[in-house]
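Colleague: I want to check the labels on this model before I use them. Can you walk me through how each one is earned?

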Amino acid sequence: MMCRYDQVGRRIATLLWALGATAACGSSGTHDSKNRPLDAGGDADAQVAYVDAGDSGQETGGEDAADEPPPPPEECTNSADDDGDGDADCADLDCDGRSCGVGCVCVGGQGRETRCSDGADNDNDQHADCADSDCEQLACGVGCLCAAGEASETRCADGADNDADGLADCPDPDCDDRSCGTGCLCVSGVATETRCSDATDNDADGEADCADADCDTQECALGCRCIAGEAVEERCGDGADNDQDAALDCADPDCGEQACGLGCECQSLRAVEVRCGDGVDNDGDADLDCADPDCDLVDCGYGCFCGQGVAREEACGDANDNDGDGAVDCDDADCAGLECGDGCRCANLVRAERACDDGADNDGDGPVDCADADCEAEACALGCVCRSLVPHESTCSDGQDNDDDTLIDCVDPSCDGRACGLGCSCRFLEAVETTCNDAQDNDGDAQVDCVDPSCDQQSCGTGCSCRFGGRVETACADAQDNDGNGVTDCLDPACATSACGVGCVCKFGLRTENQCGDGFDNDGDGSSDCVDADCNNAACGAGCTCKAGVPTEGTCNDGQDNDGDGSTDCADADCDAKACLGGTKCTAGVCV
């Protein structure tokens, strides 16, 4: 019997061959010396039918067909199609997950680089080590990790240039925000102290704990914080010298304005009482509440405050002796000038009228409303105020005699200086125009808006002001002829030197750019920012100046590409010979 193999059959046969199987083509009989299956009669040459996966069902084979042994398993490193399935090495899915050489494994029909620090293109894709995307996030050596196609330093305290970029530890940008040892963090290229209470110079800069500027605002112990190079006390009522400066709690200047306990605050190097009605000596000076000078002008309870060492009344209409001195409400001298009820205030140890339009004798002294001297300058009705014991008109546009003196609105002398209607004010017993853009004769003098002399210097509408009996343009960026003189915005002489929009000013009848770093053509001449000649020598942003039509870097030590040309600080040619850091200058692209 002979066996024929289609592609699937080849793979099955290869697997059986690799496992040392002796049966083929589904036979369970015996085999001859060439591992050929025997028929029931033991004849190895007898015909046995086999149907390919692509056959129509017809049996094939015969005595003339040659034996076809199972193919060998695929080798994944010899560039040969060992199993005859049309695919060689990694392209053959049989190799998936198997080695395709040193530092190479087959994945998804392709070789994948697995050794990323040997300088070799292990998967033959023209990219070696970190330059091969297969190596992304794989180690490229001790303290090295492939990231974004490059070797990146990950150990930042071993003194070694782990990624071979010429920079070791913190000076390597890869180390930024990484630990550089106990109590140390790489920040902007330098080792930075992060432990500020261990008496150790963790960043090896010669300064330890609070003396190291890195520790500024960091805790230096319980109740202690580093400020401006020194340990500062911030717990001020625990009896401990938290910053070890030999001064405890309020005696330590650091504790100024800090709480030193319940109802206690540190002031001027001593404890000060701030709760003055609790019966407790909160600051421990043997004086309680109002008897403690610290409590002067501080509340001592409801309706009570401390003044000159004693409790004083401040709620004067509740019929209570709030300060415990035997005098209640207005009878207590403490209540002078304070309210004693609805429409009432305390004055000269008696109740005084304050509401003067309710027809009530609120203070119980007999006179009512304006007839009570207490009501001077108080409202006596709608459009009325009390003056000299009589009502006076205060609303002068309602056609009403509000103060009952037979004089109405502007004719009443009490209306002088008051509004007499929309766009009108009373002056010298007559109405005067104050709204000058409504085409109305608001004061009834037969003169409208800017023609009325009273409108001079008043607004005559959006972007318009009345001057010398005419309208003048004041808004110069709205494309409107606001004063109706036939010219618009910058073309109007009245707009000279006025703003014509954001980043634009009128000059010589033209719109001129004056904001040169916002990316807009502010004056509408087709050129924006530095390209606009108006911007020459003008700022184009922080650290940027327009020169000869282009942005130029002017600040060379801020780590920013201020002129947007892709180069930062000394790397920008604009910075050559300019100061960069600490008295140094940019030279040949570096800060020296």
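Modeller: The turns below take disulfides, then sheets, then loop residues, then a pocket.

Modeller: This is a predicted model, where local features need pLDDT of at least 70, side-chain atom pairs count only at pLDDT 80 or more, and totals for chains, interfaces and linings use all residues. Residues are numbered from 1 along each chain as its sequence is written, and side-chain values use heavy atoms, with hydrogens and water left out.

Colleague: What makes Cys 140 and Cys 144 a disulfide?

Modeller: A disulfide is a pair of cysteine sulfur atoms within 2.5 Å. The sulfur atoms of Cys 140 and Cys 144 are 1.9 Å apart, so the pair meets the definition. The angle about the S-S bond is -85°, and the link is left-handed. The whole structure holds 39 disulfides.

Colleague: Why is Cys 140 called buried or exposed?

Modeller: The label follows relative accessible area: buried is under 20%, exposed is over 50%, and partly exposed is in between (1.4 Å probe, protein chains only). Cys 140 has 11%, so Cys 140 is buried. Cys 144 has 5%, so Cys 144 is buried too.

Colleague: How do you know that Cys 220 and Cys 224 are joined?

Modeller: The S to S distance is 2.0 Å. That satisfies the disulfide cut-off, so the pair counts. The link is left-handed, with -80° about the S-S bond. Cys 220 is at 9% relative accessibility, so Cys 220 counts as buried. Cys 224 is at 2%, so Cys 224 counts as buried.

Colleague: What links Cys 236 to Cys 255?

Modeller: A disulfide, with S to S 2.0 Å. This link is left-handed, at -90° about the S-S bond. The two cysteines are 19 residues apart, and both sit in the loop between β12 (230-233) and β13 (259-261). Strands here are DSSP runs (E, at least two residues) and helices are runs of H or I (at least four), numbered from the N terminus. Cys 236 has 3% relative accessibility, so Cys 236 is buried. Cys 255 has 0%, so Cys 255 is buried.

Colleague: How do you know that β17 and β18 pair?

Modeller: Two strands pair if DSSP finds at least two bridges between them. Four bridges join β17 (residues 304-307) to β18, and the two run antiparallel. So the pairing rule is met. Gly 307 stands opposite Val 310 in β18.

Colleague: Which sheet do they belong to?

Modeller: An open sheet of three strands, ordered β16-β17-β18, with antiparallel pairing. Its edge strands are β16 (299-301) and β18 (310-313), each pairing on one side only.

Colleague: What makes β25 and β27 edge strands?

Modeller: The open sheet runs β25-β26-β27, with antiparallel pairing. β25 (419-421) and β27 each have a single partner strand, so one side of each has no neighbour in the sheet. β25 and β26 are joined by two bridges. At least two are needed, so they pair. Ala 419 stands opposite Ser 425 in β26.

Colleague: Why is Phe 428 worth pointing out?

Modeller: Most residues other than glycine have a negative phi. Phe 428 is not a glycine, yet its phi is positive, about 55°. Phe 428 is in the loop between β26 (424-427) and β27 (430-433). Its relative accessible area is 74%, so Phe 428 is exposed.

Colleague: What about Asn 537?

Modeller: Asn 537 also has a positive phi, near 70°. Asn 537 lies in the loop between β33 (510-513) and β34 (539-541). At 55% relative accessibility, Asn 537 counts as exposed.

Colleague: Why is Asp 357 called partly exposed?

Modeller: Its relative accessible area is 48%, so Asp 357 gets the middle label. Asp 357 lies in the loop between β21 (350-353) and β22 (379-381). The C-alpha atoms of Asp 357 and Cys 370 are separated by 7.9 Å, and the two are 13 residues apart along the chain.

Colleague: Which residue classes line the second largest pocket?

Modeller: The lining has three nonpolar, three polar and two charged residues. Ala, Val, Leu, Ile, Met, Phe, Trp, Tyr, Cys and Pro count as nonpolar, Asp, Glu, Lys and Arg as charged, and the others, Gly among them, as polar. The lining includes Cys 90, Gly 111 and Asp 123. A pocket is an open set of points on a 1 Å grid over the protein atoms alone, where a 1.4 Å probe fits, with protein on both sides within 12 Å along at least five of seven lines; lining residues have an atom within 4 Å of a point.
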